[in-house]
Amino acid sequence: MTFTFLAAVVVGVAVNTALLASGARRLLDTRFSLLRAVTAGTVGQFAASPVIDGLLGPVDPERRPGLAVLYVGLGWAVALLIAMIVLVLWEAFAPAGGTTLLGWLRGLRARVQRTRRYWQFTRILVRNGLGPELRGRGRGRVEGEADQARLARALSVALEQGGVTFVKLGQVLSTRRDLLPPAFVEELSRLQDGAAPVPWAELEPVLRAELGAPVEEVFAEFDREPLASASVAQAHTARLRTGEAVVVKVQRPGMAATVERDLEIVGRLARTVHRRGGWGRSIGVAGLAEGFATALREELDFRVEARNMTAVAAAADARGGAQAGSVRVPRPYQDLCSERVLVMERLVGIPLAKAGPLIEEAGLDRRVLARELLEAVLRQITLDGVFHADPHPGNVLLLADGSLGLLDFGSVGRLDRELRAALGRLTVALNQADPVGMTDALLEVTTRPEGLDESALERDLGAFMARHLGPGAAPDVQLFAALFRLVARHRLTVPPEFAAVFRALGTLEGGLAQLAPGFDLVAETRSFGERHLTEALRPASLKQTAGDELLSMLPMLRRLPRRLDRIAGAMEGGRFGVNVRLLADERDRRTVTGLLHQVLLTVLAATSGVMAALLVGLEDGPTLDGRITVHQFLGYCLLVVASVLALRVLVTVFRPHRDQGLR
């Protein structure tokens, strides 16, 4: 008998808990996880008994069963309301889709490490004299070029001490001449990412895990002494079992975790600066940080670098001719490449920075080599759309046969067809010294700020061209730096893809000056552009271009006569009209409906609440049990209804992207 009674009680409690959980979810009209719903139902179940007991008071259910049913119903409604309150508060403080308690506990260690790393980098900044800038009190300290140079040097040293992620960040910032003063660009461009070699005992497990076999089984020979070592990876020479000489690039152990932790710090800082508005929001600092993080993650995935090498080599082969083979790109062995290991063809040569004696001994023409290297990079930019973004002298080899080779395609730039066309229009306007065309081309590719004075921009571009491109002027690579400063003065944001182009050309200019002193990069670029334009204007090229355009327009041309005939007939018969449908998009209708729904619920909740307060305040009228009048009982019921409606509104506020959609 006792067991049967206990079983009945347990079943009753479980059923009531399930009803409360289901009722709370249904009234809120929002999906909640089973854990949240059951927890809310349990809280409501525990609250139901004392609430119902308090409402019943001295009422005897056997003598007045009708009144008891009313009180029990009201008590159960209050318990349901409590369950709904639990769900809404849970959604407010721990939104659905966010971190769960278990996930929070698992990520506690990572958060502790991230916080420790954050304070470590903050101490580095303070140690290098950047504390006032962190607190926002350093603006008055930078009054001249000397102060800028000092601050830039301190930032460069701090980033170098911060590690690989911050060194890479400094290198990327050095390309943004439109955002930073010249002193900062000059200092940050000197950052190097060299590092001490990783011992073989730590590197060998990475190779074994990525290759899926011991090194001795994959390679016939493998030199354990590194050929080169950088902050992200180090390279070893090896020989495949089929006889080919290769270079094996291996990522440093733990590098991905370190970079991810630092990228999260960079992202948080960027979002904080963006939220505070001002210069951070105007230059799009959050977008810059996101783009930097994406590029660095790609650089850590060596499969991306292998695909980049394959794409650049394939584009060069497709062009054919001597120019395609003047600068070689190593061939990757795709079947041996993975996320942390890259196996590629070995190009035997000397880095361009150390190739001076060999050039003299072989009697090579320095200007010819410089022209071949420049044209290879320009063709990658203007024709292929995938180009080497960091062609510094260490990444360019002088090979034994007198040709050049490009290494390290982890950092590449990409331009789609539209961006390449826009870049072409920009350079044509620059070459023709056309300020109007230059203004239009700039506004086409940059983010237009509010309140832009186009006339002032056009005048400044005209003065810029007269100064740098006028008679007697000798334009050099500094022309681009001056153009970036002009763009920054008018608060135009250059796309990162274009910044990568000018970064590549700026880096290349230094190597070309070292290879062939006196080499005129701007003049040679003009010459390349003229030859490329001549090739594009040949009858065969024009015929192919016209055929491609006509083919893309053919479907529209087929429909055009019928549509023109219909329009002309409608105009002739006086039936021509234009139909405009407001809220034609289903998403717009859903949004407006949802807003009206929320407004209606808010009005109903407020009205019900006011009516409930008025009814509860009425002490006259018939009573139910001597303690409460009928009006007050109805007021309490209406108060529960008002609370339910208010909670419906609150849950939509706390979860604006509701998965049930706006109705």
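# Talking through the model

Colleague: Let's start with strand β4 (residues 245-251): over how many bridges does β4 pair with β6?
Modeller: Keep in mind that this is a predicted model. Strands β4 and β6 run in the antiparallel sense, and Lys249 of β4 stands opposite Leu342 in β6. The count of bridges between β4 and β6 is 5.

Colleague: Is strand β6 (residues 341-345) largely enclosed or largely open, and how many of its residues are buried?
Modeller: Buried here means under 20% relative accessible area. Strand β6 is largely enclosed by the rest of the structure, because most of its 5 residues pass that test. The number buried is 4.

Colleague: Now Thr237: is that residue buried or exposed?
Modeller: Thr237 sits in strand β3 (residues 233-240). Its contacts, leaving aside neighbours within four places in sequence, are Phe222, Asp223, Leu227, Val246 and Arg346. With a relative accessibility of 14% against a cut-off of 20%, Thr237 counts as buried.

Colleague: What about the open sheet of 4 strands: which are its edge strands?
Modeller: The order across the sheet is β5-β10-β9-β7, with mixed pairing. In the middle, β9 (residues 396-399) and β10 (residues 404-406) pair in the antiparallel sense over 3 bridges, and Leu397 stands opposite Gly405 in β10. An edge strand pairs on one side only, and that picks out β5 (327-328) and β7 (349-351).

Colleague: Moving to the helices, how many residues of α8 (residues 164-173) are buried?
Modeller: The buried ones are Val164, Thr165, Phe166, Val167, Lys168, Leu169, Gly170 and Gln171. Helix α8 has 10 residues, and it is largely enclosed by the rest of the structure because so many of them are buried. The number is 8.

Colleague: Which residues have the most contacts inside the largest nonpolar core?
Modeller: That core has 100 residues. Helix α23 (residues 496-515) gives the most to it, with 9 residues. Apart from it lies another core of 26 residues, including Ile52 and Met84. Inside the 100-residue core, the residues with the most contacts are Met438 and Phe498.

Colleague: Beyond four places away in sequence, which residues does Phe498 touch?
Modeller: Phe498 is one of the two residues with the most contacts inside the largest core. Setting aside anything up to four places away in sequence, its partners are Leu415, Leu419, Ala422, Leu423, Leu426 and Val445.

Colleague: Met438 sits in α20 (residues 435-445); which residue caps the N-terminal end of that helix?
Modeller: Inside α20, the buried residues are Met438, Thr439, Ala441, Leu442, Leu443 and Val445. At the N-terminal end, a side-chain oxygen of the cap lies 3.2 Å from the backbone nitrogen of Val436. The capping residue is Asp434.

Colleague: On to charges: which residues are linked with Arg26 in a network of salt bridges?
Modeller: The whole structure has 20 salt bridges. One of them joins the side chains of Asp29 and Arg648, at 3.8 Å from N to O. This pair links distant parts of the chain, from the loop between α1 (2-28) and α2 (34-56) to helix α27 (residues 630-654), 619 residues apart; both residues are buried. So far that is one pair, and the residues that share the network with Arg26 are Asp29 and Arg648.

Colleague: How far apart in sequence are the parts tied together by Arg153 and Glu187?
Modeller: Their side chains meet at 3.6 Å, N to O. Arg153 is partly exposed at 44% relative accessibility, whereas Glu187 is buried at 12%. Arg153 lies in helix α7 (residues 145-162) and Glu187 in helix α9 (residues 182-188), so the parts they tie together are separated in sequence by 34 residues.

Colleague: And between Asp301 and Arg303, what is the N to O distance?
Modeller: This is another salt bridge between side chains. Asp301 is buried, with a relative accessible area of 14%, while Arg303 is partly exposed at 37%. Their N to O distance is 2.9 Å.

Colleague: Last one, for the whole chain: what share of its 663 residues counts as buried?
Modeller: The chain comes to 27 helices and 11 strands. Its accessible surface is about 36700 Å², with 59% belonging to carbon and sulfur atoms. The buried share of the residues is 40%.

Note on methods: Residues are numbered from 1 along each chain as its sequence is written. This is a predicted model: local features need pLDDT of at least 70, side-chain atom pairs count only at pLDDT 80 or more; totals for chains, interfaces and linings use all residues. Side-chain values use heavy atoms; hydrogens and water are left out. A nonpolar core is a set of buried Ala, Val, Leu, Ile, Met, Phe, Trp, Tyr and Cys residues joined through side-chain atoms within 4.5 Å. Buried means under 20% relative accessible area, exposed over 50%, partly exposed in between (1.4 Å probe, protein chains only). Helices (H or I, at least four residues) and strands (E, at least two) are DSSP runs, numbered from the N terminus. Contact means heavy atoms within 4.5 Å. A salt bridge is a side-chain nitrogen of Lys or Arg within 4 Å of a carboxyl oxygen of Asp or Glu. A polar contact is a pair of N or O atoms within 3.5 Å; within protein, one must be able to donate a hydrogen and the other to accept it, and residues adjacent in sequence count only if both atoms are side-chain atoms. Accessible areas come from the Shrake-Rupley method with a 1.4 Å probe; for residues, only the protein chains shown count as cover. Two strands pair if DSSP finds at least two bridges between them.
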